[in-house]
Amino acid sequence: MNAFVPDLPVSPPPSSKPGRRSSLWSWRWSDRLVLLCAWTAGLGLCLIAAAIVLYMGYRGLEYLRPSLLVTRPAIGTSQSQTGGLLDPLIGTLLLTVIGIVLAFPLAVISAIWIAEYGRPSWLARVVESAIEIVAGTPDIVLALFGLTIFQLGVFAPLSFRAEGGGVYGRSFIAAGAMMSLIALPPLFVATRDGLRAVPAHMREAAFALGKTRIATIRRVLLPSVRSNIATGVTLGVSRIIGDTAIVVLVLGETLRIDTQGSIPGLNVLRGTGSTLTSYVFENSPAGEGEAPQKAYAAAFVLLVFVLGLNLLVGRIGRSQAQSTGMSGVGGVV
Amino acid sequence: MLDRLRNPWSDNRAELTLGAVSLLVGVCVIAMIVFVFARAWPIFEHNGLSWLGSGGSIKTQIANMQATGVNPPASAYYLRAWPIIYGTLLTTGIALLLGILIAVLSSIFIVELAPERLRRVAIPVIRLLASVPSVIYGLIGILVLVPFVGNHLITASQKTSVQNSVELTGEGLLVVAVTLTVMITPIMIALICEALMAVPRSWREGAVALGLNPLRAMLAVTLRAIRPAIVAAAVLATARALGEAVMISMVSGANFFAPSLSHGATIFLYEPLRTLASTIVDYREGIGAPALQSALYAFGALLLFSAFVLSIAGYLIKLPLRKYQVRA
């Protein structure tokens, strides 16, 4: 079209890699040292992760017998008599369910309120910072908090009682309630960010069709952030099953599930027990068990769960990236 | 009643309901602060703020709290907790310094240097490291690292040289610092990587065009731009390290001992210690004794307070990040 612009010779697109390689030896030695350090650090971390997984896998497969998964823990003098992992497995499952059931409505509703309503704005900021504080609070402090509130008279029926009627504030309900606080922040953040990423024209289209705000949320927005919520739940679950401090303090340290009261179902929830994490802790040399084989076996099961959840997060993230074009290494914390 | 629920909600009512539920989180946080500080109050009442300082032996003070049972005299509340505060600062500080260095270097590696195939492996690997439960780190620490340090690194002469004050078993500062570093580095890498990727490529290309080699350009331009993200990552990692209880309780040797450089730098690394959080785990059984309970809640209150300060710091640091459109 424009005759005044001469045809420039097309130069090959600049590619950094060959150039970098060939000029590497002309760099200053300090630069080369930094480069070496970066490679070492990156590869080193990958090696550490590989070493952890392989070592735990090796030990786990060495000590884990299928029968361990279906036998209950017992008190014994040698490692062959102390039974299996059934109660800790059930405990982990129970706490996860309680934690997510409590955290899910709270987190999703707060996220919806913050992202879609958020009025008055100072109140929305207060709620957001409250969740940030929960996210930053160490789990050991949450455990102390849980002990305190479940020792109150109001909540006394929900937890384990000593012979004399003393309230210890320790039960599956108490631990599960604290676990919901652990799972709350990732679930909230995932849902809120998902809602914020929904393009405004989707809302406008719904409003134009005469839908109310809440109907839009239910019929349009929530379905479109389903995968974000799924990511949040997965992150929450992996936080819950990995937590030890709350279990050790608030669940009471009985290896077997100890029921409280006579109402079936509720007696388990009011009773004490253990999870995989507390089982590992108790059976390590740091606890009383001194049964490293059992600790390795339980840790292996735990690691398998965590690995599975990790893969799940990755898969949800990928399918999300395919459908919306978003990607990144985020969502780790 | 049910009919009213089944009918479509009016927007007004929905907003109020959702808002009310959201406020529950705020109520929870306030309750947490109130309850933890209320239980910690006797310690503050009897010691003022001087329980943060040093004086006497914390070992005998805690033993006294445990021994005095359900009706402790006022003297049982005497507490000077400096050794464990020092232990907390020491472990967090060392892990943080090592962690920042490793995190920045490996983030550069992951984002810039690693070949595409390796990067695809590295990101999930980092994610995995970040989500491994602390008790597994503790287990590896106590069953692998501690025996290694105790049997191969600590010499017999080192053990005898300090045997009057402390027993060196391998559990101690070195293992805690190494394990804690491995735990907090992935968290920092996640944030730093995200920030690195968000810096416009053209900035660095400009620097390369001016004659810097790619690495220099990276250090001079990109790293400078994400400094707030690095600090934010460090703040998050500090919060994690301060609150780590179970892992440290497993590998620290659980001893009210303040590692001291006066024994020599290498022995210093092998000396056992306690941190605020690990002490709570160690004494969980004695929580029925009111004096000890109050002390443990005071440690918890201190942790809560530092978490609060850190989250404010994190917020302030993130402000300048918005300038670069970097989310962190």
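What percentage of contacts in chain B between residues at least 6 apart in sequence join residues at least 24 apart? In this predicted model, the value for chain B is 80%. The corresponding value for chain A, again among contacts between residues at least 6 apart in sequence, is 70%.

## The two chains

Chain A is built with 13 helices and zero strands, so that its pattern along the sequence is an unbroken series of α elements, α-α-α-α-α-α-α-α-α-α-α-α-α. Chain B has 15 helices and, likewise, zero strands. Of the 333 residues in chain A, 46% count as buried. In chain B, which has 328 residues, buried residues make up 53%. Taken along the principal axes, a box of roughly 75 × 70 × 35 Å holds the C-alpha atoms of chain B.

## The interface between chains A and B

Contact between the chains involves 73 residues of chain A and 79 residues of chain B. On the chain A side, helix α2 (residues 29-63) gives the most, with 14 residues. By class, the residues on this side of chain A comprise 51 nonpolar, 17 polar and five charged.

Pro138(A) is one point at which chain A touches chain B. This proline lies in the loop between α4 and α5 of chain A. Is Pro138(A) buried or exposed? Pro138(A) has 24 C-beta neighbours inside 10 Å and therefore counts as buried, the cut-off being 20 or more. Leaving aside residues up to four places away in sequence, Pro138(A) touches Leu242(B), Gly243(B), Ala245(B), Ala277(B), Leu303(B) and Ala307(B). Within chain A, the C-alpha atoms of Pro138(A) and Leu106(A) are separated by 20 Å, and these two residues are 32 apart along the chain.

## A cis peptide bond in chain A

Most peptide bonds are trans. The bond from Arg119(A) to Pro120(A), however, is cis, with omega near -10°. Pro120(A) is found in the loop between α3 (86-117) and α4 (121-136) of chain A.

## Helix packing in chain A

Two packed helices are described by the angle between their axes and the distance between the axes. Three pairs from chain A are set out below.

| Helix pair | Angle between axes | Axis separation | Handedness of crossing |
|---|---|---|---|
| α5(A) and α6(A) | about 140° | 9 Å | right-handed |
| α3(A) and α9(A) | roughly 140° | within 10 Å | right-handed |
| α3(A) and α6(A) | about 35° | 6 Å | right-handed |

The first pair joins helix α5 (residues 139-150) to helix α6 (residues 172-197), with an angle of about 140°. Angles over 145 degrees would count as roughly antiparallel, and α5(A) and α6(A) are therefore oblique to each other. From α5(A), the residues that meet the partner helix are Asp139(A), Leu142(A), Ala143(A), Gly146(A) and Phe150(A). Their counterparts in α6(A) are Ala174(A), Ala175(A), Ala177(A), Met178(A), Leu181(A) and Ile182(A). This contact has nine nonpolar, one polar and one charged residues.

In the second pair, α3(A) passes helix α9 (residues 226-242) at roughly 140°, and these two helices are therefore also oblique to each other. The contact draws on Thr92(A), Leu95(A), Thr96(A), Gly99(A), Ile100(A), Ala103(A) and Val108(A) from α3(A). On the α9(A) side, the contributors are Ile229(A), Val233(A), Gly236(A), Val237(A), Ile240(A) and Ile241(A). Nine of the residues in this contact are nonpolar and four are polar, with no charged residues.

For the third pair, the axes of α3(A) and α6(A) are 6 Å apart. The residues of their contact divide into 25 nonpolar, five polar and three charged.

## The largest nonpolar core

The largest nonpolar core has 205 residues, of which Met178(A), Ala299(A), Met188(B), Ile192(B) and Ala233(B) touch the most other members. Helix α8 (residues 173-198) of chain B gives the most to this core, with 18 residues. Met178(A) is also among the α6(A) residues that meet α5(A).

Which residues surround Ile192(B) by touching it? Apart from residues up to four places away in sequence, Ile192(B) touches Ala103(B), Val104(B), Ser107(B), Ile226(B), Ala229(B), Ile230(B) and Ala233(B). Ala233(B), one of these, is likewise named among the core residues that touch the most other members.

Notes:
Residues numbered from 1 in each chain as written. Chains lettered and ligands numbered in written order. Predicted model: local features only at pLDDT ≥ 70, side-chain atom pairs only at ≥ 80, totals over all residues. Contact = placed C-beta atoms within 7 Å. Helix = DSSP H or I, 4+ residues; strand = E, 2+ residues; numbered from the N terminus. Nonpolar A, V, L, I, M, F, W, Y, C, P; charged D, E, K, R; others polar. Axes fitted to C-alpha atoms, helices over the stretch in contact; angles between N-to-C directions. Parallel < 35°, antiparallel > 145°, perpendicular 65-115°, else oblique. Left-handed = near helix turned anticlockwise from the far one by under 90°. Core = buried A, V, L, I, M, F, W, Y, C linked by C-beta atoms within 7 Å. Buried ≥ 20, exposed ≤ 12 C-beta atoms within 10 Å, placed from the backbone.
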